[in-house]
Amino acid sequence: MQTQKVRFSSDGCEIEGLYQEGDKTGGVVITHPHPLYGGNMLNPVVEAIESAYRKKGFATLRFNFRGTGNSTGSHDHGHGEQSDLAAAVDFLKSRGTKAVHLSGYSFGTWVNAMAVSKGLAVKEMTMVAPPVAFMEFGDDIRLPELSLVIAGGRDDFGPVNLIRPALDLWNPDARLEILPDADHFFSGFSDEVSTKLA
């Protein structure tokens, strides 16, 4: 199946994405790392996440947050980006996806967590390298939809010793998978990220 370039609207912004059809029973929206530090939907970790879900037969949608790539608008410090995410979920549903999952990497995990904690309905979510030492998730976040967190053992932005207590709050039943030699950027570990998500 071919990857399709798509566009959808979010608060007056035109958001660009890459969509690939799946088997219609499940789909995933994948969010990218911080755009002010070069993050976008073509990030190799984002592509590794997409590959894992594609192998499961999921429809996949990755997109550039407002102000990133050819998405219009400007960076909104994670607030407007939550609207972009909700618009992406709606887009996936409009293409026939019955059960929407969420996954994200770094900044994308923060946007996902904030949106879900405020009521964005999804079936399940996974996180790769939530930047708990870099962004404030808060102590009141509860994420019963969260099933898996992947962390690097050498990640200064998302250190395991801070992720563990956060996970106890988010969802103590969620699994934590650690790649001991990986840092925040997972250089050389993309295949391992995909394997953990399989």
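This text describes one helix pair and two pockets of a predicted model. Local features need pLDDT of at least 70 and side-chain atom pairs count only at pLDDT 80 or more, while totals for chains, interfaces and linings use all residues. Residues are numbered from 1 along each chain as its sequence is written, and side-chain values use heavy atoms, without hydrogens and water.

Begin with helix α1, residues 44-55, and helix α5, residues 190-197 (helices are DSSP runs of H or I with at least four residues, numbered from the N terminus). Their axes lie 8 Å apart and meet at an angle of about 35 degrees (axes are lines fitted to C-alpha atoms over the stretch in contact, and angles run from 0 to 180 degrees between N-to-C directions). The crossing is right-handed, that is, the near helix is turned clockwise from the far one by less than a right angle. On α1, the contact (heavy atoms within 4.5 Å) is made by Pro44, Ala48, Ile49, Ser51, Ala52 and Tyr53. On α5, Ser190, Val193, Ser194 and Leu197 take part. Seven of these residues are nonpolar, three polar and none charged (Ala, Val, Leu, Ile, Met, Phe, Trp, Tyr, Cys and Pro count as nonpolar, Asp, Glu, Lys and Arg as charged, and the others, Gly among them, as polar).

Next come the pockets. A pocket is an open set of points on a 1 Å grid over the protein atoms alone, where a 1.4 Å probe fits, with protein on both sides within 12 Å along at least five of seven lines; lining residues have an atom within 4 Å of a point. The largest has a volume of about 220 Å³ (the space filled by probe spheres set on the points, which are joined across faces, edges and corners). Its lining includes His34, Tyr105, Phe134 and His184, and has six nonpolar, six polar and no charged residues.

The second largest pocket holds about 190 Å³. Among its lining residues are Glu136, Asp139, Leu162 and Trp170; by class, the lining has eight nonpolar, one polar and two charged residues.

Note on methods:
Helix = DSSP H or I, 4+ residues; strand = E, 2+ residues; numbered from the N terminus.
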